Amino acid sequence: MARTQLTLAALATSAVPGLDVAYARKHSAGAHGLFDSALVIDTDGRALIIRVPTSQSAETEQSADLVALRALTTGNRSRLPFDVPEYVGQTPIQGTRAVVYELLAGDSFDADALTGHEGVSGSIGRAIAAIHSLPSAFIGTAGLSQQSAEQCRKDAIDLIDRAANTGYLPAALLRRWEQATDDEALWQFAPAVVHGSMSSDSILITDDAVSGILGWSGLAVGDPARDLHWLLAARGHAAELAITTYSTARQGSDSHITQRAMLYAELELARWLLHGVSSHDQSIVDDAVAMLDGLVDTVHSHTQQPLSPETGPIMTVGDVENMLDHMPRAARDYDQHAAMHTDSYNFSGLCVDAESDSESDSDSDSDSDNGSTGDSVSGDSRTGVIAPDQAARRSASE
């Protein structure tokens, strides 16, 4: 049974000594999320979010997020052009713990809306580049994952092999993906600090710019292309600008990052298939198979533009967007639980699968952190084109 806002407010007073709560409301669209959460405002007007995991996978994710937030010290945060959630306190409850965070200002939008506004798209590119430009030493100090380019490649190969072993993977996609993982040039990149579970849900917008980024449980050193693949699935007219701005900020140091990002985007379908197989849910398997077949049709119509740059011309971001326009949306959207959207959706099954993946192929998958509706943790995300005044800061009393 979901905890009430009064219960969560009482837990907040236990987690934060001296907290005097003036207002609390449920920070949830229902009782089926990975966390029970509430917005709490104290008598001084300070806005906080409290979250309690509702499953073991959620608790594991919350622990990883806390490690990441502690690793992002004041010095590291000062290098970022946006805010990161601040840990405030915690208290034990029924074998788990309630954790309190500062509420970040900003609004969340879907990927199409984010990439439909040039100013926002450019800000996203610069924000991701700033993460990838962080000095990596603190990752090892914090005990977080560090992968070489070759390890990233092996993880992709392992995922493809497991998908092929299900018997559902079309031969055309297997060949396409194997060509990409066999291409040495594609995997010649310098690993960087990565968010690890970046999606549109991770991003908060204020005044047409990125004001905050949420969901840091996947923080690691790895392939920077993993933080970009969601942009390739966006239909906004300025999606290419986000990639271009990112590349400019990074001084074009990775000439094949778009191809790898495209590969990761396509491999999300393989993950969906594996989730259906591991959960013994034939409806998910059938859905994944249909989407894989749809991707085969799209790939056949773009045979002159394969993933591997050695075997043909390089696909531009515009070409990628055109290709993904034909890919069923469900495959692109199923894993959007990286940004503290703890209330609206239940991704517990996928999180369990992600844990299994990390054991077998060292994947650092998503975080389902606090919500994103205008705060550091919100659950009623908005859609549509961003107007210049639409991303204004919301009042805490809303």
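1. Two aromatic rings of Phe, Tyr or Trp, the last represented by its six-membered ring, form a pair if their centres lie within 6.5 Å. In this predicted model, that rule gives 2 aromatic pairs.

2. Phe-82 and Trp-216 make up a stacked pair, with 6.5 Å from centre to centre and 25° between the planes. Phe-82 belongs to the loop between α3 (74–78) and β4 (87–93), and Trp-216 to the loop between β8 (209–213) and β9 (220–222), so the contact of the rings ties together parts that are 134 residues apart in sequence. Both partners fall under the 20% limit for burial: the relative accessible area is 7% for Phe-82 and 0% for Trp-216.

3. The other pair consists of Trp-187 and Tyr-264, whose ring centres are 6.5 Å apart; because their planes stand at 85°, the pair is edge-to-face. Distant parts of the chain are linked here as well: Trp-187 lies in the loop between α8 (171–182) and β6 (192–194), while Tyr-264 lies in helix α11 (residues 257–278), 77 residues apart. Trp-187 and Tyr-264 are both buried.

4. Two arginines deserve a remark alongside the ring pairs. Arg-51 is placed over the face of Phe-35, at 3.9 Å from the ring centre. Arg-260 has its charged end over the ring of Phe-189, 4.0 Å from the centre of that ring.

5. Helix α11, which contributes Tyr-264 to the edge-to-face pair, has 22 residues; at 1.5 Å a residue these should span 32 Å, and the 30 Å between its end C-alpha atoms agrees with that expectation. Of its 22 residues, 20 are buried, so the helix is largely enclosed by the rest of the structure. Just after α11, His-280 adopts a positive phi of about 55°.

6. Helix α8 comprises 12 residues and reaches 16 Å from its first C-alpha to its last, close to the expected 16 Å. Its buried residues are Ala-172, Leu-173, Arg-176, Trp-177, Ala-180 and Thr-181. Viewed down the axis of α8, these residues fall within an arc of 165°, so they line one face of the helix. The face turned away from the buried side carries Arg-175 and Asp-182, which are exposed.

7. Is Ser-123, a residue of helix α5 (residues 118–132), buried or exposed? Ser-123 has a relative accessible area of 10%, and is therefore buried. Once its neighbours within four places in sequence are left aside, Ser-123 is in contact with Ala-209 and Val-210.

8. For the chain as a whole, the secondary structure amounts to 15 helices and 9 strands. Of the 398 residues, 58% count as buried. The protein chain exposes about 15000 Å², of which carbon and sulfur atoms supply 50%. Among contacts between residues at least 6 apart in sequence, 75% join residues at least 24 apart. The two ring pairs may be read beside that figure: Phe-82 and Trp-216 tie together parts 134 residues apart, and Trp-187 and Tyr-264 are 77 residues apart.

How values were computed
Residues numbered from 1 in each chain as written. Predicted model: local features only at pLDDT ≥ 70, side-chain atom pairs only at ≥ 80, totals over all residues. Heavy atoms only, no water. Phe/Tyr/Trp six-rings, centres within 6.5 Å; stacked < 30°, edge-to-face > 60°. Helix = DSSP H or I, 4+ residues; strand = E, 2+ residues; numbered from the N terminus. Buried < 20%, exposed > 50% of the residue type's maximum accessible area, 1.4 Å probe, protein only. Lys NZ or Arg CZ within 6 Å of the ring centre and 35° of its normal. Expected span 1.5 Å × (residues − 1). Arc of directions from axis to C-beta. Contact = heavy atoms within 4.5 Å. Areas by Shrake-Rupley, 256 points an atom, 1.4 Å probe, with all protein chains shown as cover.
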